[in-house]
Amino acid sequence: MTATVTPTIETERLTLRQARIEDFEIHNEFYSSERSHFVGGPRDRLENWFTFLALPGHWVVRGYGYWMVDERSSGRLIGAVGIIKHDGWPAPELGWQLFSGQGNGYAYEAATAARNWSATQGIKELISLISPDNARSISLAQRLGASKVGEGDSPFGPIAVWLHPKVGT
């Protein structure tokens with residue numbers, strides 16, 4: 001399964017779309033800030049450039065990946081959501097980062113859309129790897145119906161493994 005173009009998904013309030021070069025500055029601003037500490041940051045501009053380039057690369061290699069998330073009413077880039085599976089991971093991960101717009105249900109709406117899309121692609125199992133200190137992401141995982149099934153370590157520190165319910169089966 002490979003895709004060279006990220007499919008576009010529209011929800012009631014959001015557009016999930018392929019990364020564009022003009023998204024990099026917002027991506028860099030988030031990953032350079034302390035707000036990114038649960039996802040490996042803060043990092044320097046060059047490291048952020050490499051992770052930005054990995055967004056479309058994951059689609060090419062795996063056939064799935066991250067979408068950039070725009071607020072439909074304003075067209076403003078507010079975050080990223082998607083499915084990734086890095087080398088050595090036990091299953092594809094459903095992940096999310098909001099650059100702005102927290103508290104509006106955007107992460108739930110985007111993650112639900114990504115999870116539903118994954119079911120149409122035959123992805124049978126999704127996990128989320130979440131820091132035990134990340135209360136917002138734990139709350140979102142629970143709202144999505146995920147259950148904590150394990151713990152471990154990551155390059156970013158301790159993590160909990162959350163298993164999402166199967167969709168569309």
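Modeller: Patches are made of residues with over 30% relative accessible area and no salt bridge, where nonpolar side chains (Val, Leu, Ile, Met, Phe, Trp, Tyr) are joined within 5 Å and like charges within 9 Å. This is a predicted model, in which local features need pLDDT of at least 70 and side-chain atom pairs count only at pLDDT 80 or more, while totals for chains, interfaces and linings use all residues. Residues are numbered from 1 along each chain as its sequence is written, and side-chain values use heavy atoms, leaving out hydrogens and water.

Biologist: Which residues form a nonpolar patch on the surface?

Modeller: Leu46, Phe50 and Leu53 form one, with about 310 Å² of accessible area together (Shrake-Rupley method, 1.4 Å probe, only the protein chains shown counting as cover for residues).

Biologist: Why is leucine 46, in helix α2 (residues 45-62), called exposed?

Modeller: Exposed means over 50% relative accessible area, buried under 20%, and partly exposed in between (1.4 Å probe, protein chains only); leucine 46 has 52%, and therefore counts as exposed.

Biologist: What puts the buried residues of α4 on the same side of that helix?

Modeller: In helix α4 (residues 135-143), the residues Ser137, Ile138, Leu140 and Ala141 are buried. They cover an arc of only 160 degrees around the axis, so they lie on the same side of α4, the arc being taken from the directions from the helix axis to the C-beta atoms. The face turned away from that buried side carries the exposed residues Ala135, Arg136 and Arg143, and what covers the buried residues includes β5 (93-98), α3 (106-120), β6 (127-130) and β8 (157-163).

Biologist: How do you know that arginine 17 and aspartate 70 meet in a salt bridge?

Modeller: A salt bridge needs a side-chain nitrogen of Lys or Arg within 4 Å of a carboxyl oxygen of Asp or Glu, and in this pair the N to O distance is 2.6 Å. The pair links distant parts of the chain, 53 residues apart, with arginine 17 in strand β2 (residues 14-17) and aspartate 70 in strand β3 (residues 66-71).

Biologist: Why are arginine 17 and aspartate 70 called buried?

Modeller: Arginine 17 has 5% relative accessibility, and so counts as buried, while aspartate 70 has 9%, and so also counts as buried.

Biologist: What makes glutamate 151 exposed and lysine 148 partly exposed?

Modeller: These side chains meet in a salt bridge at 2.7 Å, N to O; glutamate 151 is exposed because its relative accessible area is 64%, whereas lysine 148, at 45%, therefore counts as partly exposed. Elsewhere, salt bridges that share partners join Arg17, Asp23 and Asp70 into one network.

Notes: Helix = DSSP H or I, 4+ residues; strand = E, 2+ residues; numbered from the N terminus. Contact = heavy atoms within 4.5 Å.
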